[in-house]
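Hi,

Here is the structure I promised to pass on. Have a look at it first, and then read my notes underneath.

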Amino acid sequence: MPVTQQLYMFLRSKGFQLLVVCFAVLALIPIFITDSFFLFVFTLIFIFAIYAASWNFLANSGQGSLGHAVFLGIGGFASAIIGGKISIAIIGFLGVIQMPIGALSVLIQVSVLLVGGLISAGIGLLIGLACVRLKAWYLAIVTFGFSVIAGSLSSQFDSFTNGISGFAPTLFVPGGFPFYILVISFTVTSVAVMYLIMKSRMGLAFRAIHGNEAEAKMIGINTAKYKLIAFVISTFFAGIAGGLYVYFIRFVDNSIFSPTNSFLPLIMTVIGGLGTVSGPVIGAIFLTSVGQILTTQSVRQYLSTSLGPFFPKVGYVGPPLTYLIIGVILLAIVIFSPKGLESLFRKFYNYLITEEKGDKTK
Amino acid sequence: MDITAGTIVLTLIWGVAIGCIYMLLATGLNIIFGVMKLVNFAHGQFLMIGAYLTWAISVAAGLNAYIAILVSMALVAGLGVVIERFTFRRVLGTEKLNEIFVSLGLIYIFENAALLIWGDQSQQIVSPFSGLSLNLQSFSITYDRIVAVFVVVAVLVGFGLLIGKTKIGLAMRATSQSNGTAKLMGINVEKIYMITFALGSALAAAAGGLYGIIFSFNAQTGAMPTIIAFAIIILGGLGSIRGAIVGGLLYGIAEQMATLFLGGIWSTAVAFALLIIILIIRPNGIFGEKGE
């Protein structure tokens, strides 16, 4: 009974309604903004939102990873390779040249992504076993080390992964709007699931470990077990994000294991707000938009003509300038507002509310 | 490739030369950790900046590259003071993750500032010994690598004297043992932090100069050496200078041997594999003390 009752409570709760509204709004956006560039940016944002949220989930249990690209990469490679094999099998079975589009292919796409996530979680379990005893920078360096090793392994077994030259996965769901819907369904579900876990008893244990591991152990929490669980859940979602990412940009090679990809979710989470639900999403929106806006044609041209002459050694000032600014923003956030943009928005909102109330009393 | 006794000896010597550079970098990282209990993940970026400054000074002023290293050490030490004052001091004592975040921000700033100023092409510092090498019967080794070993030894001896024999060194050692007690003894801990950070940065800059003479470098050069230096001090024990020296040599030789026997793509991965295995067995490093 309690399970069905809980489910009923959940379906009636404000959180669930908010979720439905979120999903509806997100799904409707591309109908009003039909520009394909915006659709591209939005899809990318929500893929990175899952990725950043998975990193944030891990950080909530007191573990900071500097090598999350391992799981992005494993999820991506696994789903792309498995998807490729399935599509070959189906095409061989049906005797057609292209994949038929329909409910079946959506089902295949979703299960391929889930399998990618599961494989990533499996590797996550193994790596997590190595990591549970480590703290702070030891953990950071070891997770980073695994991302370097993953790149080397992928090069070593190139005949299986095709990682050196890279390859394009076979799409089951057509790109553009249908894929966008797929991505936001995954994003909304993933973020909601991670939120629910954080609200549950297990989440309480995670937060206790984050607060003080020694004390958590003292009050009877099996810290190693819970840290491992957090690791596996986080890597599962990172793997799903990896699968979506690979299917979205339609290419995967060894560069997916790069440090840039490892640092990305961390920067998004910190800028957005560490330890909050909306933080990673805000960070993903912020960072991805800044990055994408700077690559648009008009901005490129403007930057080249206005700032280009000052830096004659670089072909195009955009990317280094972006990363420089991101670095400055990251520093400013950590030093001046450690709770991220989320807390700034909250303060601003509270300020507005009190202003209004103040007006009423006059 | 034929692996003969000659190539193995050559690889050993290369390993020692490269190990010496890493040793210098690791010592800088280690002194900062020992005194401030801070891990600066942007330490390799100081190496990169040091290499670029050495290159720029030796090109612009026509200085001998080895003298330019001294100038660049002084400049990077100054940069270190500014960085410590305005970033790390503000997050010191808060959550450990914040230090990692600040380092990451610094990495982005340094790398891209260097990219904007010096461009994306690789550079190499021209030293007076460039192109010259010592020829023995079966192999030859460039003079620059031999000189690098001597420079590192000289810098480390000077550094050891500073720590062991001077009043500032004494204050640094006191602060590393307990900053609270050091404060009570009348040591200006903040000043010691500043000096330590400047010293660590200067060591990184020296490593950068030597690195730039032996290898070509670009704006992204700093990332890998940071990680390697970190691996070395974990091998040798956080805070132990002697450990950093032994660890640096071991690492340099292991890396070159891995390249020789397994191929280039494995040179860093093998080192990490070693590091991970060690940390799984001993979560606080080989010589590290047990925490909490």
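Before the helix pairs, one cut-off you'll need: an angle under 35 degrees counts as roughly parallel, over 145 as roughly antiparallel, 65 to 115 as roughly perpendicular, and anything else as oblique. Please also keep in mind that this is a predicted model.

With that in hand, take helix α2 (residues 43-60) and helix α3 (residues 65-91) of chain B, whose axes come within 8 Å and cross at roughly 135°. That angle falls in none of the named ranges, so α2(B) and α3(B) are oblique to each other. Their crossing is right-handed. On the α2(B) side the contact uses B:F46, B:I49, B:G50, B:L53, B:T54, B:I57 and B:S58. Facing them in α3(B) are B:A65, B:A68, B:I69, B:V71, B:S72, B:L75, B:V76, B:L79 and B:G80. By class, this contact has eleven nonpolar residues, five polar ones and no charged ones.

Chain B has a second pair worth a look. Helix α10 (residues 241-262) packs against helix α11 (residues 267-281) at an angle of about 125°, with the axes 8 Å apart. These two, α10(B) and α11(B), are therefore oblique to each other as well. Here too the crossing is right-handed. From α10(B) the contact takes B:Y251, B:A254, B:E255, B:A258, B:T259 and B:L262, and these meet B:S267, B:V270, B:A271 and B:L274 in α11(B). The split is seven nonpolar, two polar and one charged.

Over in chain A, I looked at helix α5 (residues 103-131) with α11(A), where the axes come within 7 Å and cross at roughly 145°. α5(A) passes α11(A) in a right-handed crossing. The list of residues in this contact is long enough that I'll just pick some: α5(A) brings in A:L113, A:G116, A:G117 and A:I119, among others. From α11(A) come residues including A:L228, A:F231, A:V232 and A:T235. The classes are 15 nonpolar, nine polar and no charged.

Now the domains. Chain A is divided into domain 1 (1-32) and domain 2 (33-262), and the C-alpha centres of the two lie 24 Å apart. Eight residues of domain 1 and ten of domain 2 make up the contact between them. On the domain 1 side, the residues divide into eight nonpolar, no polar and no charged.

And the two chains together: 38 residues of chain A are in contact with 37 residues of chain B. Which helices of chain A each supply at least two residues of that side? They are α6 (136-156), α12 (259-272) and α15 (318-336). The largest share, twelve residues, comes from α6(A). By class, the chain A side has 31 nonpolar, five polar and two charged residues.

Finally, confidence, since you'll ask. Chain A averages a pLDDT of 83, with 93% of the residues scoring at least 70. Chain B also averages 83, and 94% of its residues score at least 70. Within chain A, confidence is lowest in helix α1 (residues 2-12), at a mean of 69, and highest in helix α11 (residues 223-249), at 92. Where pLDDT is low, the predicted coordinates should not be read in detail. For the complex, the predictor gives an ipTM of 0.83 and a pTM of 0.84.

Cheers

How values were computed. Residues are numbered from 1 along each chain as its sequence is written. Chains are lettered from A and ligands numbered from 1 in the order in which they are written. This is a predicted model: local features need pLDDT of at least 70, side-chain atom pairs count only at pLDDT 80 or more; totals for chains, interfaces and linings use all residues. Domain bounds come from an automatic or database domain assignment. Two residues are in contact if their C-beta atoms, placed from the backbone, lie within 7 Å. Ala, Val, Leu, Ile, Met, Phe, Trp, Tyr, Cys and Pro count as nonpolar, Asp, Glu, Lys and Arg as charged, and the others, Gly among them, as polar. Helices (H or I, at least four residues) and strands (E, at least two) are DSSP runs, numbered from the N terminus. Axes are lines fitted to C-alpha atoms, for helices over the stretch in contact, and angles run from 0 to 180 degrees between N-to-C directions. A crossing is left-handed if the near helix is turned anticlockwise from the far one by less than a right angle, and right-handed if clockwise. pLDDT is the predictor's confidence in each residue, from 0 to 100.
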